[in-house]
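Me: Hi, I have a structure open and would like to go through it with you. Could we begin with how its parts meet?

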Amino acid sequence: MIGLQEVGHRHEQRTPAGHPVPKGEPILELYSLRKNYGAVEALKPATMTFLSGEVHAIVGENGAGKSTLIKLLTGVIARTSGDVLWCGEPVQLATPNEAISRGINAVHQEVVLCPHLSVAANMFLGDEMNRRGLMRKRAMTDAAQGVLDDLGFNLPAGAVLGSLTIGQQQLVATARAAMRGTQFLIFDEPTAYLTRQESEQLFRLIRRLQSEGVTIVYISHRLEEVFELADRVSVLRDGTHVGTRAIGETNEAELIALMINRTIEQIYHKEHFTAGETLVETRGLTGPGFADVSLTVRAGEIVGLYGLIGAGRSEFALGLYGRHRLSAGEVFWQGRKVEIDSERKAMELGIALAPESRRDQGLCLNLPIGLNINLPVFRKLTRGLTINRAEEAANADRQIRDLKIKTPSRRVLASAMSGGNQQKIVIGKWLSHGAKLFIFDEPTVGVDVGTKAEIYRLFARLLEKGAGIILISSYLPEVYELSDRLHVFRQGRLVGSHGYHTASHEEVLAQAIGA
Amino acid sequence: MSVETVESSTGPTPRKGISILFGLTLLGLLLFLWLLLGFATNSFWTPNNISNLLRQGAMTAILAVGQTFVIITAGIDLSVGAVVGFTSVIVAWLLAAGVPLWLALIATLAIGVLIGAFHAFGIVRMGLPPFIITLATLTSLRGIGLLITNGSTISITNEAFTNFSRADFLGVPSLFWMVIVVAVPAYVFLHLSRFGRYLFAVGSNSEAARLSGVNVNRTIYLAYILSSTCAAFVGLLLASRIGIGNATQAEGWELQAIASSVIGGTSLFGAVGSVHGPLLGAFILATINNGANLMNVNSFWQRIITGLLIIVIVYFDQLRRRGER
């Protein structure tokens, strides 16, 4: 077995100035590290120590400040105040280059490599092997293949990166970071898109890097992974570092209590209503990414769709909403057979979709909040040729007030809002339009705990008024606690259906991953 | 977690206020140039020269307004200069064939509509990038125009038509009135109607617009048709002004139009733009050319100055936008 760091070359200058930190001694120390965005404290003063050669897990809910911490450590953003000691010396970490040159690297959840280049080219990007100014492509491919084989990744180094699955790309990104003389490697929810097998390959790599003396920071929602990998675990909550525990001295219950500081019942606000008329029924619905899906949604109930990312839930929702052409199956709306061949048609029937990705599908980020909220209703706001500007303003302001969107004005750009407020804008769009069936696709990703609870209470209000909800989530506790009926998707098919709390978490999970 | 940005600290930053401010800065620049030229030359503030300036700027201004609709959708229309030349040929040809004036005007504008619809068809149905499809029509239209005229020009003998561009109304050149005739409906369309909002939404995030029930394809058709129709209208004005139809006229006007639009605060990334901005941009460029002529600056220098001006203005606009975040 060759040391990973020997494969990469010319990295001597990247290691810290000649005095490696002995295992178990502090390699990175944070003192009162703080980050403010304007009036918002994204990270309250945090004092933490990372020990050389440990796997240090960081857990916390979405919006707890994990991303902010990573960005601070990798030099993506500058800190507001506080001190950082790297190998005992104060450092700025003001730019990504500074972090990388000190040996601090991160593997991000979303792969930031060049999809059109080959795996090998990506692994050597910015550090190509040259001979007299010409690239040694063959040598690089061979070296990359050596690394991949050695790691047991079973990936072709000559393949174009974009042709691999996201999980495989992530393994490439990891291998790339591993080759680059990294002393301190941060993984940001690396298993979110990985299959089980890929996760195991990743864990093997992490253990191996650890044995070579690399310090690992491992960020994840998944506590079972934390207990499998980590030596110590730190918990963040609402931007505050609430504690660090050695893994042997804690358990899942304690970590959850630290993470959320409230019981599950308090978060998942659930009211049961008598189910009314059937709003929508699909029979054998088939389209791009899903096949043969039959389900019904009645007024007053939440129908949960659970599955891994890529299981076909969002595709089903987009198909039902008229975004993609359906190839087979029937849709009945309030008992009447309908053809939903456009988004407009779906909206006219009374279907609203808060899509999966706010950035790509939900919002016009560089436009004002008001325009985003009113986008579905400009037709209604039009009098003659022009828009009634007073009504336009009033409508936007009403949603901002009702949903408690934290903004000084409706004219602020949507991009300036936090994840939770952005989600409220998306929801506000559809509240002002009105609908009978609301489809919420991952409504609480990147949303802080308080907003989450608000969103769940809003669900109850919608149900009370006689609406039905399809709730899509990859976070099992959420769909499990909120859904009156829970459907499980796997590889584009509906593989299981359960009533409220009639199956255990384990059963649902087993169906979703096909174990 | 990827969407995690946090509220800006700038407090109430009404975007509208900033855009008005930017508009005022441009207006200030324009007035400054006029004052400067007033001091530097004797002939600038003569009625003759002002009329001339308004005529010079008018056609670019109309093209820039049409171009802005397209740029707001995050597209580009490189064909407008070629459309101007081509439609000048069409109207001259129709008039020479004895078609009544009113019909010739309508038919020429209809050709503009068709060209725009073709661009949108290429983008929406064939999936071609706007840059490519409009580049293709740029060269093809010049070719078709040259075929029609056999490489020469068609003279226009209709006096009513050619007198129009020389006429004044209330002491202001009729060509400048045409800017107002285009700009007022354009303003209503872009800033007061829902279709204007849709242009911005499509330019910002077409998928989000689609999922909000906006007919994205129709919006793109609308933008390109408006741009080409504005260009056809300018073709009419140009034919009236020079009294001939010539397919090689208006060479490079697409770049003038894009430059005016960008100087006027339009973002080439889409979703940022106005009607008054490109108008001011067009007259700033016209003033620079006019002033350079009066001061006997080599016309080669005019091009260099124009280029530098684009860099400086857009750079300051970028700074302003960065500060806004």
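Reply: Yes, and please keep in mind that this is a predicted model. Across the interface of domain 2 of chain A and domain 3 of chain A, the rule finds 1 salt bridge.

Me: Which residues form that salt bridge, and how far apart are their closest N and O atoms?

Reply: Glu454(A) pairs with Lys424(A), and the closest N and O atoms of the two are 3.0 Å apart. As a general point, side chains of opposite charge can pair when their charged atoms come close.

Me: Ok, and which elements give two or more residues to domain 2's side of that contact?

Reply: On the side of domain 2 of chain A that touches domain 3 of chain A, those elements are α12 (343–349), β21 (437–441) and α18 (449–464) of chain A. The most comes from α18(A), which gives 5 residues to that side. Sorted by type, the residues on that side of domain 2 of chain A divide into 11 nonpolar, 2 polar and 4 charged.

Me: Where do the domains run in the chain, then?

Reply: Chain A is divided into domain 1 (4–9 + 25–261), domain 2 (276–350 + 435–515) and domain 3 (360–434). The contact between domain 2 of chain A and domain 3 of chain A takes 17 residues from domain 2 and 14 residues from domain 3.

Me: How much area do domain 2 and domain 3 bury between them?

Reply: The two domains of chain A bury about 1200 Å² between them, and 63% of that is on carbon and sulfur atoms. Their centres, taken over C-alpha atoms, are separated by 25 Å.

Me: Changing topic: how many salt bridges are there over all chains?

Reply: The count comes to 20 by this rule. One of the pairs is Asp150(A) with Arg208(A), where the closest N and O atoms are 2.5 Å apart. This pair links distant parts of the chain, since Asp150(A) lies in helix α5 (residues 137–151) of chain A and Arg208(A) lies in helix α7 (residues 196–211) of chain A, 58 residues apart.

Me: And the strands? In what sense do β13 and β16 pair?

Reply: In chain A, strand β13 (residues 278–287) and strand β16 (residues 328–333) pair in the antiparallel sense over 5 bridges, and Val280(A) stands opposite Trp333(A) in β16(A).

Me: What does Trp333(A) stand opposite in β17(A)?

Reply: There, Trp333(A) stands opposite Arg336(A). The strands β16(A) and β17 (residues 336–338) of chain A pair in the antiparallel sense over 3 bridges. Their hairpin has 2 residues between the strands, and within this hairpin Gln334(A) takes a positive phi near 45 degrees.

Terms used: Residues are numbered from 1 along each chain as its sequence is written. Chains are lettered from A and ligands numbered from 1 in the order in which they are written. This is a predicted model: local features need pLDDT of at least 70, side-chain atom pairs count only at pLDDT 80 or more; totals for chains, interfaces and linings use all residues. Side-chain values use heavy atoms; hydrogens and water are left out. Two strands pair if DSSP finds at least two bridges between them. Helices (H or I, at least four residues) and strands (E, at least two) are DSSP runs, numbered from the N terminus. Domain bounds come from an automatic or database domain assignment. Contact means heavy atoms within 4.5 Å. Buried area is the accessible area (1.4 Å probe) that two parts lose on being put together, summed over both. A salt bridge is a side-chain nitrogen of Lys or Arg within 4 Å of a carboxyl oxygen of Asp or Glu. Ala, Val, Leu, Ile, Met, Phe, Trp, Tyr, Cys and Pro count as nonpolar, Asp, Glu, Lys and Arg as charged, and the others, Gly among them, as polar.
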